[in-house]
Amino acid sequence: MDLDLVFLGTSGSVPTARRGLAGTLVRRGGERMLVDCGEGTQRQLLRSTVGLIELPEVFLTHYHADHYLGLPGMLKTFALRGREVPLAVYGPPGLKDLFGGLQRIFGKLTYPIELVEVRDGDVLDRGDYRILVFRVSHGATANGYAFAEVPRPGRFDVEAAEALGVPAGPLFGRLQAGEPVELPGGGEVRPEQVLGEPRPGRKVVLTGDTAPAATVLEVAREADVLVHEATFAEEERERADETLHSTAAGAAAVAKAAEVRMLALTHLSNRYFGPEVAREAREIFPETVVPRDFDIIEVRFQERGGPRLVKAGARTAREEAEPHGRHGASGSGGGPHGGGGDPGDPALGGDPVGASPRGRAASRGAR
Ligand SMILES: [Zn+2]
Ligand SMILES: [Zn+2]
C-alpha cells in the first residue's frame, strides 16, 4: 500500500514567491487527508499532479490564519462545481465557533459538512491504521496528528506449513489471518508455527506549529517520518521561544531523541530559503530534509528502503516549463483557467481522486 506526503505549502505565517502557506496532503492507498489548509491551498492542488480533488477530510492543527484561510475558498469552489459528497473537517475545540464566522464567507454549500472537534488523546480508528491526536506546545488549542499503521502479520513460511502437513489452499489463508487450523488428517497447526515476527506498520507524525515538546517526542518515537515545524534558525532562538515555535536545531533534537527515520522541516519563516535551515538541523540529525512546495516524501516500508524525498514529485510538466515563459501566457494553452467560478466550467469539474487534472503522472494515478 502506497503511503506518501505531498507538500503543498511550506512557508510559515506569510507566503513567499516560492513557498505557499501550510498544507500537506497525506495519501494512503485511495485515501486522501489534507492537514491544514492555508491561503492558496486549492490553487497549489490545482498546480500539482494531485488536482483539486473532492477531498473527503481536512485536519486543522490550530486556528492561526496561516493554517485555515484556504478553507473557505476551497469549500466555495467545491460548492460552485456542485459537489455532493460530504466533507469532514477535524480540528481542536473551537472548530464550530470558527465555522460560525466562516459561514458568512462561503455561504450555502451543496454538500454536507461535518465538524469534528478532536483533542489530545483522541484516536480515530481506521481499521488497518489509526489517527492519533496529540497536544503540541503552541498555545491552548493546537493539535498534532499521527498516522500510525497497525503491525502487519509476519511473513508466511510456506515450507514450514508444508512440512507440518498443511495442504495448500484455504488453510494457508486462515493461518495467515492468524487463526489455528485443524489438519484433514488430524492435529492442529497454530499460526505462530508458520508466521514470522509481526512487522511494524509505518508511522507519520505532523506537528503543525509547536515549540519543541515532550508530547511530540513521545508520539514520534521511531516514526518513519516526523514533519516538524522549523520557523526559525538558532540565531532567532529567543523569538522562537516567545512565539512558541521551533528552531531547526530544536526540531532536530526532538527527532534525534525520538529516533525517527526522517525529519522533514516545514513552516519556514520568510527570511530563510531552506539550505541554511537544513544545515543547522543536520548537524544534530543528519536524516533531515527541508521540502519545497510540490515535493513528495514516499514513505516506503523499511524493508523497501524507508522514506525518501522525491523533489518536485508533485510538480506538473507544465509548471516545470513555466520559467521559460512560453506556456499558458496567453491563456490559450488549454489548461484549467478557473473560468470566473462558473459552476459549469469543465476545468473545475469532477477530478477523480488521485488522478492528475491533465492526465499526467500516470504512474501515480493508482494512489
Ligand atoms: Zn503557522
Ligand atoms: Zn500558529
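Of the 367 residues of the protein, 51% count as buried. The structure is a predicted model, and the protein contains 12 helices and 17 strands. Among contacts in the protein with a separation of 6 or more, 62% are made by residues 24 or more positions apart.

## Helix H3 and its packing against H4

Helix H3 spans residues 70–80. Eight of the 11 residues of H3 are buried, so the helix is largely enclosed by the rest of the structure. The buried residues of H3 are Gly70, Leu71, Pro72, Met74, Leu75, Thr77, Phe78 and Ala79. After H3 comes Gly82, whose phi is positive, near 75 degrees.

The packing partner considered here is helix H4, which covers residues 95–106; the axes of H3 and H4 lie 9 Å apart, at an angle of about 50 degrees. That angle makes H3 oblique to H4. The crossing of H3 past H4 is right-handed. On the H3 side, the residues that meet H4 are Leu71, Pro72, Leu75 and Lys76, and their counterparts in H4 are Phe99, Leu102, Ile105 and Phe106. Divided by class, this contact of H3 with H4 has seven nonpolar residues, no polar residues and one charged residue. Leu71, Pro72 and Leu75 of H3 take part in the contact with H4, and Leu71, Pro72 and Leu75 are also among the buried residues of H3.

## Helices H10 and H11

A second helix pair is formed by H10 (residues 248–258) and H11 (residues 275–282), which pack at an angle of about 40 degrees with their axes 8 Å apart. H10 is therefore oblique to H11. The crossing of H10 and H11 is right-handed. In this pair, Ala248, Ala249 and Ala252 of H10 meet Val277, Glu280 and Ala281 of H11. The residues of the contact of H10 with H11 comprise five nonpolar, no polar and one charged.

## Buried strand residues

Thr288 belongs to strand S15, residues 288–289. Thr288 is buried, with a relative accessible area of 2%. When neighbours within four places in sequence are left aside, Thr288 is in contact with Leu263, Leu265, Ala281 and Arg282. Of these residues, Ala281 also appears on the H11 side of the contact with H10.

Val133 lies in strand S8, residues 129–135. Its relative accessible area is 3%, and Val133 is accordingly buried. With neighbours within four places in sequence again set aside, Val133 is in contact with Val118, Arg119, Asp120, Gly121, Asp122, Asn143, Gly144 and Tyr145. The C-alpha atoms of Val133 and Pro92 are separated by 9.3 Å, although the two residues are 41 residues apart along the chain.

## Salt bridges

Side chains of opposite charge can pair when their charged atoms come close. With a cut-off of 4 Å between a side-chain nitrogen of Lys or Arg and a carboxyl oxygen of Asp or Glu, the count comes to 19 salt bridges. Three of them are listed below.

| Salt bridge | Closest N and O atoms |
|---|---|
| Arg237 with Glu234 | 2.7 Å |
| Arg239 with Glu236 | 3.0 Å |
| Arg237 with Asp241 | 3.6 Å |

Arg237 forms a salt bridge with Glu234 and another with Asp241. Arg237 and Asp241 are four residues apart in helix H9 (residues 237–242), and are therefore separated by about one helical turn. Arg237 is partly exposed, with a relative accessible area of 37%. Its partner Glu234 is partly exposed at 31%, and Asp241 is likewise partly exposed, at 47%.

In the pair of Arg239 with Glu236, the two residues fall into separate accessibility classes. Arg239 is partly exposed, with a relative accessible area of 41%, whereas Glu236 is buried, with a relative accessible area of 10%. The boundary that applies here is 20%, under which a residue counts as buried.

Elsewhere in the chain, Arg28, Asp128, Glu149 and Arg202 are joined into one network by salt bridges that share partners.

How values were computed: Residues are numbered from 1 along each chain as its sequence is written. Chains are lettered from A and ligands numbered from 1 in the order in which they are written. This is a predicted model: local features need pLDDT of at least 70, side-chain atom pairs count only at pLDDT 80 or more; totals for chains, interfaces and linings use all residues. Side-chain values use heavy atoms; hydrogens and water are left out. Axes are lines fitted to C-alpha atoms, for helices over the stretch in contact, and angles run from 0 to 180 degrees between N-to-C directions. Helices (H or I, at least four residues) and strands (E, at least two) are DSSP runs, numbered from the N terminus. Angles under 35 degrees count as roughly parallel, over 145 as roughly antiparallel, 65 to 115 as roughly perpendicular and the rest as oblique. A crossing is left-handed if the near helix is turned anticlockwise from the far one by less than a right angle, and right-handed if clockwise. Contact means heavy atoms within 4.5 Å. Ala, Val, Leu, Ile, Met, Phe, Trp, Tyr, Cys and Pro count as nonpolar, Asp, Glu, Lys and Arg as charged, and the others, Gly among them, as polar. Buried means under 20% relative accessible area, exposed over 50%, partly exposed in between (1.4 Å probe, protein chains only).
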